Each structure stands twice: as structure tokens, then as C-alpha cells.
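I opened the model today to look up how its helices pack, how its strands pair and how its domains are placed. My entries follow in the order in which I checked them.

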Amino acid sequence: MKRLRSWLAERLPMPAIDGFLKAQASKPLPPHTSWWHTFGSLALFLLVNQIVTGILLMVYYRPTTEQAFESVGYISAKVTFGWLIRGLHAWGSTLMVIMLLFHMIRTFFSGAFKKPRELTWVAGALTLAVTLTFCFTGYLLPWNQLSYWATTVGTEASGAIPVAGQGLRRLLLGGEAVSQETLSRFYVVHVVVLPWVIGALVAVHFALIRVQGLATLERVGEERPPKGAGWIPFFPHHVLKELMVFSIFLAAMITLVVLSPAELGEKADPLVTPAGIKPEWYFLPTYQLLKYFPQLLGLFVSMVPPLLVLIWPFLDRTPERRFSKRPVSVAIGISALVLAVGLGVLGWVSERKLSLFGTPWHFDHYGMPSREP
Amino acid sequence: MNPELPRRTVLDFALRAGFALVAGGMAVPGALYLWPASRQGPGEGPVPAGPADTLTPGSARMVNARGRPVLVLAKPDGGFRAFSAICTHLGCVVKWDDATKTILCPCHAGVFGSDGKVQSGPPPRPLPEYDVIRAGNELKVKV
């Protein structure tokens, strides 16, 4: 080890590198840094999980309409620990969306997105958008009935955009309907294009965090310098906390994979649409919102919330960060969460028959209940 | 006046313009490469749609027309009609409902009549209709 170090020292400015690494490791974190601050690290942990398990899945996966479904079945049933790798990838995607949302909610309510950290927020919001694109493109790859028809409905919706809609739809599909061309496109975007995009966004996000440090709870422009009593060293204090969370989280994730394995269902059949096609839970609020408006207006309405999230730091420019001193933005945040959850629940129950307290109910297209005769 | 300055400006402009031209020139084939090369689906000639005598009046049959679903209906008064079985709302495949004599979309509860027109639900347009040809007992659909 010593010989390697002296070999490197003859070729690289080791004192400067050492100093940089030491400064990063010992960087103090604000006194209020808590367990709530581990959501972002958990999202990073899950990104690493997605990359590693994704590479392993690519070893056996075959991106053709004849073999995609069979190869995923082969991974799940025949390959040693294939069920685990596929399960970790499938559950990892859902959990990554959850962790990013929790991280964003924590950042929103603690006012950490405010000046000078607007761009950190924007990079984070774009990371969530790219993660959802990962989910959308990855969902088609098993080539089963659910994935085929969810992709059909999702791509058809883009056709309603005026002027460019039909062209965009054709470009996404690689033709007139979901086919081999669509599978190839989604596969390339999922395994080549998006990993570079998310890598770049995460790099920018982390660089900004390291340069600007974590936000304190003081008003904008009145932040305390990072020294003195109460400040927590990044290493080992916070790193240990994160390692503890990672361990528990990995155990929980493996438990989920065992208790609720990723399903495969039936192979895609372009001539038969199964009943009750629904998107994954994170698209349910948009799916339901689109039902209440005509196609074109619905598209515009559904684009408003993500756009507001993206530019929120430039709209809420009040100096207060503390939860209790920002009643308006906190009320807006809570209302948005309630609305999203409400629409998600309506989307989930719509066009379903459910029995509540022994009474059978039918929920229509709009999620309105009526008693079953 | 510095005689070097305009020359530098011109060179600078030429370099930038050259770069933009090369980048643009490469981007055009790149973008066109991504554009789907050929339209899928309909080829030449009508598609076989099965025997006519097994399609009783008021019933329907799904036909695979070169990978695209087509619904062939036998009218109660004789004769046949054929519609694209792709819902005009979001592309799901519709089904014939024998009990109500309507065409139903399983995705968002769209309902079409036996004439292909929208009766209820979100579909914005009727189902496109195709001509049906009868040659003896053989039905064919012009897609």
C-alpha cells in the first residue's frame, strides 16, 4: 500500500488530493440534520442497486418481441438467483420513486430549496422526471399484457398534443402501434440513454450540495457559518447513520422481494386488451386527472403540477425556511399532496368492484361509487 | 483602427458558423435516422375474414388484418360491416358485446354502437369503417 502511494505521489499531486478528500469527509452538517436527511442517500443507494441489477438482467434479457417475455420468465424461473435480481430491480424502481418523493417533501417543508439552492432543487426534480421515464420505458421490457397495453395507452395520450402529437407518437412507437420497433427504442433509451442522463443530473446535484452545504433553518441570507457547537461531522457521524439505514433498507427490500415477487402475467397479445388496464401507482394521479378533462385540455392540465414543482424555488421567494413561519406555502404543499393521493386513490378504485364493510360497491370510470344490486 | 480586429472577428464568425453547419449537418441525418423507416400494417389487397355462414346475424368476429385487429359484424338484416377494433380514445382493442349489441372498450368504458358511432364514454371519434367483400362464402375486408 505504501509503495503504491509513493508510486502515485511521484505522478499525482497527492497532498492536494488528500486535502480535498479530507475536507469532503469532515464537512460539517447543520445541527438539525436528522434521519429525515437519509432519504436522498437512500435514493442514491437505490440508483446503484438499479444499475447493478440492471446490468445483471441484461446478461439474459433478449429485447425482441419473440423472446423478451420468455427471457424474463427464464431469468425468474431458471437462472440461479434470477428471481432475486429481477425482484430487486422491480422493487428498487418503485422504492426509488418513493424515496425521491420523500426526499423532495422533506426538502420542500424544510425550505431547503430556497436561495442559493434553487438549481439543486431543479436538478433533483429533473432526476425524478428521468426516474419516471426509466419506469415507463422499463415497464414495457417484459413484453406482457399489462406492459403492452399500459404502453399503448401512455403513448396514445401523447398523440393528443396539437400539431406535433401524431409525429411524437410515431417517433416514440417507431411506427403506428407498439411493436418490435417500440421495444427496441424503449430498450436503448432505458439501458443506454437514461443512465447517462441520470448520472449527469446526480453529479450536478451532488456537486451543488458539496459546494453549498446543507441548508440550515435560518432565513435566506442569515445562514450560520458551518462551525461551532451542534454541527455534525459528515464522517463518521452521518455516514454511520446512513450505513445503518442502508442495512435495514436492504433487508426490508429483500423481504419484499421474497414475500411479493415480481409477476410476469401473460405474454403481450396485440389483438386482445385485458380488462382493467391501469398504470403503475406513481402514474395513477395523472391517469385519473386525464379522465376529467377532454383529451387536449387534460394534457395541459396534467402538465401544470410537474411544471410548478420544477420552478417552485423561483415562485416561493420568501426568506423564511421554518415550517411554522410559511403557512401559505405549507398549505399549498399539503393541498398538493392530498390532491395527488386523492386522485391516486380514485384512479385505483375506478372501474373496480369492491366490497366495503360487507356492502358491494361499483366504482365507475370517474371513481364515483354506486351500490351493486 | 486595429486592422487585426475585423479579420479576427471574421475568422471567429467563420469558425462558429462552420461548427454550427457541421453540427447541424450531422444532426439532420441523426434525427431522420430515428424517424420510422416505413409504415407498418396494410399491405396489398383485401384480408381474409373467414366464412360468411358461420357469422350469424347480430354476432361479430375479430379478424387479424396483418397484425391489426378488425371487427366484422353480421347485420341483423343480412350483410356485413367491418370496423377497426382499435378504440379512438387511447388505442385499446374493443370487443363486441352480444348482450347489448354494442362495441365496448375495456380500458375507459367507451361504448360504440353497431354502426361504429360513439354512444358514450371518452372516445372522440367513431371507429373507422372498412369495406367488406363477399366472394361466395368467403368474407374479405379491404383495410
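I began with a helix pair, where Ser41(A), Leu42(A), Phe45(A), Leu46(A) and Asn49(A) of α3(A) meet Glu242(A), Val245(A), Phe246(A), Phe249(A), Leu250(A) and Met253(A) of α10(A), contact meaning heavy atoms within 4.5 Å. By class, I noted eight nonpolar, two polar and one charged residues in this contact (Ala, Val, Leu, Ile, Met, Phe, Trp, Tyr, Cys and Pro count as nonpolar, Asp, Glu, Lys and Arg as charged, and the others, Gly among them, as polar).

For the geometry, I found that α3 (residues 39-60) and α10 (residues 234-259) of chain A pack at an angle of about 50°, their axes 10 Å apart; the axes are lines fitted to C-alpha atoms over the stretch in contact, and angles run from 0 to 180 degrees between N-to-C directions. I therefore entered α3(A) as oblique to α10(A), given that angles under 35 degrees count as roughly parallel, over 145 as roughly antiparallel, 65 to 115 as roughly perpendicular and the rest as oblique.

The model is predicted, and local features need pLDDT of at least 70, side-chain atom pairs pLDDT 80 or more, while totals for chains, interfaces and linings use all residues. Residues are numbered from 1 along each chain as its sequence is written, chains are lettered from A and ligands numbered from 1 in the order in which they are written, and side-chain values use heavy atoms, leaving out hydrogens and water.

In chain B, I looked up the open sheet, whose four strands run in the order β5-β6-β7-β8 with antiparallel pairing (helices, H or I of at least four residues, and strands, E of at least two, are DSSP runs numbered from the N terminus; strands pair if DSSP finds at least two bridges between them). Its edge strands are β5 (95-97) and β8 (118-120) of chain B, each pairing on one side only. Phe112(B) stands opposite Val118(B) in β8(B).
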